[in-house]
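Work through the exercises below with the model open beside you. Each one sets a task and then solves it step by step.

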Amino acid sequence: MTDKQPMYVLPEHVSRTLGKDAQRTNILAAKLVADIVKTTLGPKGMDKMLVDSSGNVIITNDGVTILEEMDIDHPAAKMMVEIAKTQEEEVGDGTTTAALLAGKLLEYAEGLLDQRIHPTAIVKGYRLAAEKSLEILNGLALPVRDKQILQQIAMTAMTGKGAEGHKEKLARLIVDAVDQIAPETLHGQALHIQKVKGESILESELIQGFVLDKEKAHSAMPSRVVDAKILLLDIPLEIHGPEGDTKISVSTPEQLESFLASEERSLKAMTQAIISSGAKVVFCQKGIDDVAQYYLAKEGILAYRRVPKSALEKIARAISSMVFSNLHDLSADKLGYAAVVEEVFHGQEAYVYIRGCKNPKSVTILIRGSTAHVLDEIERAMKDGLGDVLAAVQSGKVVAGGGAVEIALARQLRAYARTLGGREQLAVDEFARALESIPLTLAENAGLDPIDVLTELKKRHEAGLPYQGLNLFTDKVEDTFAAGIIEPLKVKTQAISSAVEVATMILRIDDVLISKGSSGLEPRYEGME
Ligand SMILES: Nc1ncnc2c1ncn2[C@@H]1O[C@H](COP(=O)(O)OP(=O)(O)OP(=O)(O)O)[C@@H](O)[C@H]1O
Ligand SMILES: [Mg+2]
């Protein structure tokens, strides 16, 4: 007879959840994450206040920021955070939408699981629906006709965020910034945002160049240089390394004197090379010796030392110059140019403004605001706006917001579902229902009756009006495209792709093995008690 002793293949410290239990727990975790960000969706969505363990406070409406800052440790919930991050990286906006969609896809998949539909059939249906969605969305998209549309896109992205009050001006800055850059060099790297505390948002401005928080190397240097030839250097204007711990032994005063004299000669030769090149402003990544500073100042040259490498690269793009690594082949025609370089004080802080660059490959939007919290939230809103405008310029396609495109898509997906039959049909139908959760949530967050709104929307779309959405400026169902509530196509395609990816990944898991000691061991579900 065989021995009936149980066999252990897993070490004791591994906890295991299997089959349905694993699926349900994962779905629950993902749904909870979606529920957290749900109330922030749309212009009437609320903000969240997040306080980290060291007491830092963030007030935000931005989906990805909320999810990143929360200390989420359930593995499936973490996957939801990942989609928000992907969305942020790919577009910069639509992070709440992506998380919400994924949550709904999983919630409705649970209903299908209850009807004993196999997870692989649901996964297949969802994938088919996602593929079809991209095709349908392309058909629904409208071309970017003019700059006015870009302005509206930026404003839609900033509605309901901290920047709301001044969104018109901020949107104009974004559109003007994008306009400055030649299409072939237009990408995320080309647009910078610099925050400066102190005054009103209204003083925010577009700088055709770069702004850096640095003070000039020597007080005798000029504070303003016009028609400036600019030299960028990544080598020190010093004799020994920045560590300065080189030991020299000298035995007579003459030796010391001749050593110092030779050092001074070398420094003089270095500065002479810069002076002869015609450069009037120098940005140096490394240190600048006091003696060199003196010689430069004497010639009326403005110099900055210890400029971070990343800033130097950005300046290089703005002034269309290279970063030099030696002083041998400097010449006027290889230097960068800016109409003005000037030092400006905001409070105690010195900033250098590089303005008026010709054909810049990058520009800077300087945002002003009274407190660090305000500035941070405006920056997040501006990044959403910038990302959306970039996406719209790059693909040239936009869609109507306020849930219009989601309803149109859901409607066409349902028609597609009918051609499928079988279990996939049910999954595609649920996918369509998940899309409808966007206008439903927009209505709910605005205190409107979601069902009334959805019914009205569907009725209008049935009547052949594909741009009807919920306008939350008027609280009416109307043509949101005409009302200027416009989003880039890419926000939607990316949100759908990432939501489906994570939902199907979670659905395919039927076994969760967690090693004790790993951070995901004891999932804590907020609000479950
Ligand atoms: N005036 C408006 N009326 C109706 N809906 C609007 C209006 N402005 C924006 N929306 C809608 O709000 C939704 C976007 O909301 P929100 O910006 O809060 O979330 P998100 O873009 O998904 O995520 P996040 O901006 O946090 O990354 C879109 O569906 C958009 O169409
Ligand atoms: Mg947004």
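A residue is near a molecule if its C-beta atom, placed from the backbone, lies within 6 Å of it. This is a predicted model: local features need pLDDT of at least 70, side-chain atom pairs count only at pLDDT 80 or more, and totals for chains, interfaces and linings use all residues. Residues are numbered from 1 along each chain as its sequence is written, and chains are lettered from A and ligands numbered from 1 in the order in which they are written.

**Exercise 1. Describe the shell around ligand 1.**

Step 1. Count the residues. The shell around ligand 1 has 27, and the closest are T96, T97, G401, G402 and L472.

Step 2. Find the elements. Helices (H or I, at least four residues) and strands (E, at least two) are DSSP runs, numbered from the N terminus. Two or more residues come from each of α2 (63–69), α4 (95–114), α13 (422–445) and β15 (468–471). The most come from α4, with 3 residues.

Step 3. Sort by class. Ala, Val, Leu, Ile, Met, Phe, Trp, Tyr, Cys and Pro count as nonpolar, Asp, Glu, Lys and Arg as charged, and the others, Gly among them, as polar. The shell around ligand 1 has 9 nonpolar, 14 polar and 4 charged residues.

**Exercise 2. Place ligand 1 relative to the domains.**

Step 1. List the domains. Their bounds come from an automatic or database domain assignment. The protein chain has domain 1 (14–143 + 399–526), domain 2 (145–208 + 362–395) and domain 3 (210–359).

Step 2. Locate the ligand. Domain 1 and domain 2 both give residues to the shell, so ligand 1 lies between them.

**Exercise 3. Characterise the contact of domain 2 with domain 3.**

Step 1. Take the separation. The centres of domain 2 and domain 3, over C-alpha atoms, are 32 Å apart.

Step 2. Count contacts. Two residues are in contact if their C-beta atoms, placed from the backbone, lie within 7 Å. Here 12 residues of domain 2 touch 13 residues of domain 3.

Step 3. Look at the domain 2 side. Strands β5 (191–197) and β13 (363–369) each give two or more residues to it. The most come from β5, with 4. By class, this side holds 5 nonpolar, 6 polar and 1 charged.

**Exercise 4. Classify three helix pairs by angle.**

Step 1. Fix the convention. Axes are lines fitted to C-alpha atoms, for helices over the stretch in contact, and angles run from 0 to 180 degrees between N-to-C directions. Under 35 degrees is roughly parallel, over 145 roughly antiparallel, 65 to 115 roughly perpendicular, and the rest oblique.

Step 2. Take α6 (residues 147–158) and α7 (residues 167–180). Their angle is about 130 degrees, with axes 9 Å apart. The pair is therefore oblique. Among the residues that meet are L150 and M158 in α6, with I174 and V178 in α7. The contact of α6 with α7 has 9 nonpolar, 1 polar and 4 charged residues.

Step 3. Take α11 (residues 372–395) and α15 (residues 489–507). Their axes come within 8 Å and cross at roughly 100 degrees. α11 and α15 are therefore roughly perpendicular. D388, A391 and S395 of α11 meet L489, K490 and V491 of α15.

Step 4. Take α12 (residues 404–418) and α13. Their axes come within 8 Å, at roughly 170 degrees. α12 and α13 are therefore roughly antiparallel. The contact includes L409 and L413 of α12, and F431 and L435 of α13. By class, the contact of α12 with α13 has 12 nonpolar, 1 polar and 4 charged residues.
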